[in-house]
Amino acid sequence: MESVWIDYSGLRTSVMHFRRARMALAVSFAFCIGTSAWAEDRPSAADSAMVRQIQRLIGQLDADTRSERVKAQEALLNLGPSILPLLPEDRAIASAAARQSLQVVRSRLQREAALASLSPSRVTLKGTDTLRRVLAQIALQTGNEFDTHALGDQLLERRITVDFQSRAFWSACDAVISYVGLDYGTASARRLELIRANRGSMRRPLAVADEGAFRVAVASASIQPSVASRTGSALRVGWSLMTEPRLRPLFAAIDGHDLHVHAMETSAAPSRSEPPGASIRVPVFRPISPAAKLELSMNEGREPLQLETQFEFPATATSTLRIEFSGSFAVEMAAAPARFVFDDLVTPDQPANRVGGVAVRLRQVEIPIATKPGFGRVDLSVDYDRRGPAFESYRTWMYHNEVWLETKSGHRILPRPLVATQREADGGVAVEYNFADVTGTPADYRLVYVAPTLVTRCPVQFQLPNIPTTRAGQQGAQP
């Protein structure tokens, strides 16, 4: 398997400034919004020097001179997103100017953490151990969990040797499954299923880009007759897209003119610019549908997105050529989940809690429902500042956010499957959740709601060279 590069073009410049956030925030950063009356939500003891430094800088946000205020704000930003749990609530700041500056700091650090969460997670691991423990270490370091129920204990106890030094998650996984003889299944509940590879299915990709948070793999490149092509033949490239299980992709936006194929042929004679046998690129194959604009649901990453792109195949080209498949597209991502905790379910219509570009408001609570003893109902409104396609045809992803009622002993009650939409607006939605087996009063529960704080478009570039092609009816790829 040939591993080639993948690039986060437009995102790369921004993420360069956010690398420091990853170590401080572990793998997936989650904010917690709400009161801290429940012991398990209280922040752990922080370094007292850091707390004093933050307090001093916040005090300088109300300094007499603008230069001092700007300097204090920049100093807080330079401390990075790890200070977010230590920042005081806005209502604790008496000065309106300092409060406004702190809001700017908080918003920028939250966005920084959200963008950092989209960069690829990495694995550093060396030695010989069982497959079970190697996978456990990869999961621990990356936050990407595995579903291994189909493998069996005997295979999981097989010893393997790895040597990963800050290796991207997908690259490390590809190395492990290739060595052991596994394949990827579906991803459910943010867990990547591993299955035994079917040797007769020839599912091993012809080329793969696995150095980023997105994995692009080419499964086939077949030359077939086509009535849509002016030359009478078409090159059909079958490829797939996967994201790290910890991430939440909403849909992929792909334009036909952004996907390219070059034929790679071998030069027969030496020249001044090319040595004998060197691989050279010939003109780009024309896409059959260059104006196609696709918005394809990624089902929140539960399974690979399978695609097929067709290109006109020149009549003069040989059937044994190899190609380079490259291009760019964008994936709409729901990033950086935040826990919105509502301890007070007695007081109705409270002010909204906000993190980054999302505000969640508890609108109404009925526990128990007067006409249905043992049942409870909670109404929430969720509003995003961002507008666009993610909040139009694909907006149902907002209904899939995690939510539960929790007792003081920690017992969770999940909502019933049916979710009722009460109101929709561009960028927001109001939903009703219904719970069964609810006893007592609203004071006996709190509500926990988990929602992404940033919905953003992540640009991706890929380049997959040296892909063998086949003619229709051939078995396997050309050597």
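The following exercises, each with a worked solution, concern a predicted model of a protein.

**Exercise 1. Overall composition**

Determine how many helices and strands the protein has, and what share of its residues count as buried.

*Solution.* The secondary structure comes to eight helices and 26 strands. The protein has 479 residues, of which 48% count as buried. The contacts can then be considered by separation along the chain. Among contacts with a separation of 6 or more, 73% are between residues 24 or more positions apart.

**Exercise 2. An aromatic pair**

Classify the arrangement of the rings of Phe-311 and Phe-325, and locate both residues in the chain.

*Solution.* Begin with the whole structure, in which a search finds eleven aromatic pairs. For Phe-311 and Phe-325, the ring centres are 6.3 Å apart and the planes stand at 75 degrees, so the pair is edge-to-face. The relevant cut-off is a plane angle over 60 degrees.

Next, place the residues. Phe-311 belongs to strand 16 (residues 305-312) and Phe-325 to strand 17 (residues 322-342). The two are 14 residues apart, and their pair links distant parts of the chain. Both Phe-311 and Phe-325 are buried.

Finally, consider the surrounding rings. Ring pairs join Phe-311 and Phe-325 with Trp-239, Phe-329 and Phe-462 in a cluster.

**Exercise 3. Charges over rings**

Identify which ring lies beneath the charged end of Lys-372, and which ring has Arg-412 over its face.

*Solution.* The charged end of Lys-372 sits over the ring of Phe-375, at 4.5 Å from the ring centre. Arg-412 lies over the face of Trp-404, and here the distance to the ring centre is 3.8 Å.

**Exercise 4. The surroundings of strand 21**

Describe the burial of strand 21 (residues 403-407), the directions of its side chains, and its partner strands.

*Solution.* First, burial: strand 21 is mostly covered, with five of its five residues buried.

Second, direction. In a regular strand, side chains alternate between the two faces of the sheet. In strand 21, Val-403, Leu-405 and Thr-407 point one way, whereas Trp-404 and Glu-406 point the other way.

Third, the pairing with strand 25 (residues 445-468): the two strands are antiparallel and share five bridges. Within this pairing, Thr-407 has Tyr-445 as its bridge partner, and Glu-406 stands opposite Arg-446.

Fourth, the pairing with strand 22 (residues 412-413): this is also antiparallel, with two bridges. Leu-405 stands opposite Ile-413 of strand 22. Strands 21 and 22 form a hairpin with four residues between them, and in this hairpin Gly-410 takes a positive phi near 100 degrees.

**Exercise 5. Strand 25 and strand 17**

State how many residues of strand 25 are buried and how many bridges join strand 17 to strand 25.

*Solution.* Strand 25 is mostly covered, as 19 of its 24 residues are buried. Strand 17 runs antiparallel to strand 25, and 19 bridges join the two. One residue opposition is that of Phe-342 and Leu-447, the latter in strand 25.

**Exercise 6. Two packed helices**

Establish the relative orientation of helix 6 (residues 131-142) and helix 8 (residues 169-180), and name the residues that meet.

*Solution.* The axes of helix 6 and helix 8 are 11 Å apart, and the helices pack at an angle of about 170 degrees. Helix 6 and helix 8 are therefore roughly antiparallel, the cut-off being an angle over 145 degrees. From helix 6, Leu-131, Val-134, Leu-135, Ile-138 and Thr-142 take part in the contact. From helix 8, they meet Phe-169, Val-176 and Val-180.

Technical notes: Residues numbered from 1 in each chain as written. Predicted model: local features only at pLDDT ≥ 70, side-chain atom pairs only at ≥ 80, totals over all residues. Heavy atoms only, no water. Phe/Tyr/Trp six-rings, centres within 6.5 Å; stacked < 30°, edge-to-face > 60°. Buried < 20%, exposed > 50% of the residue type's maximum accessible area, 1.4 Å probe, protein only. Lys NZ or Arg CZ within 6 Å of the ring centre and 35° of its normal. Pairing = 2+ DSSP bridges. Axes fitted to C-alpha atoms, helices over the stretch in contact; angles between N-to-C directions. Parallel < 35°, antiparallel > 145°, perpendicular 65-115°, else oblique. Contact = heavy atoms within 4.5 Å.
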